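Here is a short note to keep beside you while you look at this structure for the first time. The points go from the whole chain to single residues, so feel free to follow along in the viewer.

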Amino acid sequence: MNGDPRDFAAHEAALLDERRLDDWLALFAEDGHYWVPLLGAAQADPFSHNSLAYEDRLLLQLRVDRLKNPRAHSQHPASHSQHVLQPSRIEHESAGEVRLRTPFIYIEARGESQVLLAGTARHHLVRASRGWSIREKRIDLLDAARALPAIQLFI
């Protein structure tokens, strides 16, 4: 994807919803991180407080491998997701980097159960030879302080 960075979040969400997890993981820069702060937007960094998720590429790869494994107990039946996004807004742009803000609703369904979450995705993208890459994807959940059910896929 080489175009307008505001199209990036929709492209990424479509990959997740289509369970094209390897293609999704390839969007991350080698030093990329996926972060879901426990305190939502109030949390300044991943080191001074616990997080729901703070994963580098290795941990993301392990989770993708687990989700793809046919013997993964948590995926019988398989989980499916649907991202409903508002248009992305550029918060900051400089040479080769951009920060996006994308409000969303996320639905994850598995068997008879369904999880509904709302929040804002914040992408820090860097320009790479193949297009935009994720240096950080931060998910600020609207109600991060409440007890959450297990979320199998990526928000």
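**Notes on the chain and some of its residues**

1. Of the 155 residues in the chain, 41% count as buried. Here buried means under 20% relative accessible area, exposed means over 50%, and partly exposed is in between, with a 1.4 Å probe and protein chains only. Please keep in mind that this is a predicted model, in which local features need pLDDT of at least 70 and side-chain atom pairs count only at pLDDT 80 or more, while totals for chains, interfaces and linings use all residues. Residues are numbered from 1 along each chain as its sequence is written, and side-chain values use heavy atoms, with hydrogens and water left out.

2. The chain has 3 helices and 7 strands. Read from the N terminus, their order is α-α-β-β-α-β-β-β-β-β. The radius of gyration is 15 Å, close to the 15 Å that the globule rule gives for 155 residues, so the chain is as compact as a globular protein of that length. Helices (H or I, at least four residues) and strands (E, at least two) are DSSP runs, numbered from the N terminus. The radius is taken over C-alpha atoms, and the globule rule is 2.2 Å times the number of residues to the power 0.38.

3. Along the principal axes, the C-alpha atoms fill a box of roughly 45 × 30 × 30 Å. Among contacts between residues at least 6 apart in sequence, 58% join residues at least 24 apart; contact means heavy atoms within 4.5 Å.

4. The surface comes next. About 8300 Å² of the chain is exposed, and carbon and sulfur atoms supply 53% of that area, as computed by the Shrake-Rupley method with a 1.4 Å probe, where for residues only the protein chains shown count as cover.

5. What does the largest nonpolar core hold? It has 30 residues, and those with the most contacts inside it are W24, Y34, I139, L141, F154 and I155. At least two residues of this core come from each of α1, α2, β1, α3, β5 (97–110), β6 (113–128) and β7 (131–141). A nonpolar core is a set of buried Ala, Val, Leu, Ile, Met, Phe, Trp, Tyr and Cys residues joined through side-chain atoms within 4.5 Å. I155 touches, among others beyond four places away in sequence, Y34, I139 and L141.

6. V64 is a good residue to click on in helix α3. It counts as buried because its relative accessibility is 0%. Leaving aside neighbours within four places in sequence, V64 is in contact with L21, D22, W24 and F154. V64 and D22 are 42 residues apart in sequence, yet their C-alpha atoms are 7.3 Å apart in space.

7. Is G32, in strand β1 (residues 28–37), buried or exposed? G32 is buried, with a relative accessible area of 1%. Not counting residues up to four places away in sequence, G32 touches E55, D56, R57, I134 and R135. From C-alpha to C-alpha, G32 and E55 are 8.6 Å apart, with their places 23 residues apart in sequence.

8. Two backbone details deserve a look. Most residues other than glycine have a negative phi, and most peptide bonds are trans. R19 has a positive phi of about 55° although it is not a glycine; R19 sits in the loop between α1 (8–17) and α2 (21–25) and is partly exposed, at 26% relative accessible area. The peptide bond from H76 to P77 is cis, with omega near 0°, and P77 lies in the loop between α3 (57–68) and β3 (80–85).

9. S79 lies in the loop between α3 and β3. With 0% relative accessibility, S79 counts as buried. Its contacts, not counting residues up to four places away in sequence, are R19, S74, E108, A109, R110, Q152 and L153.

10. Finally, compare two residues outside the helices and strands. A145, in the segment after β7, is exposed, with a relative accessible area of 79%; its C-alpha atom is 7.6 Å from that of G40, 105 residues away along the chain. D45, in the loop between β1 and β2 (51–56), is partly exposed at 25%.
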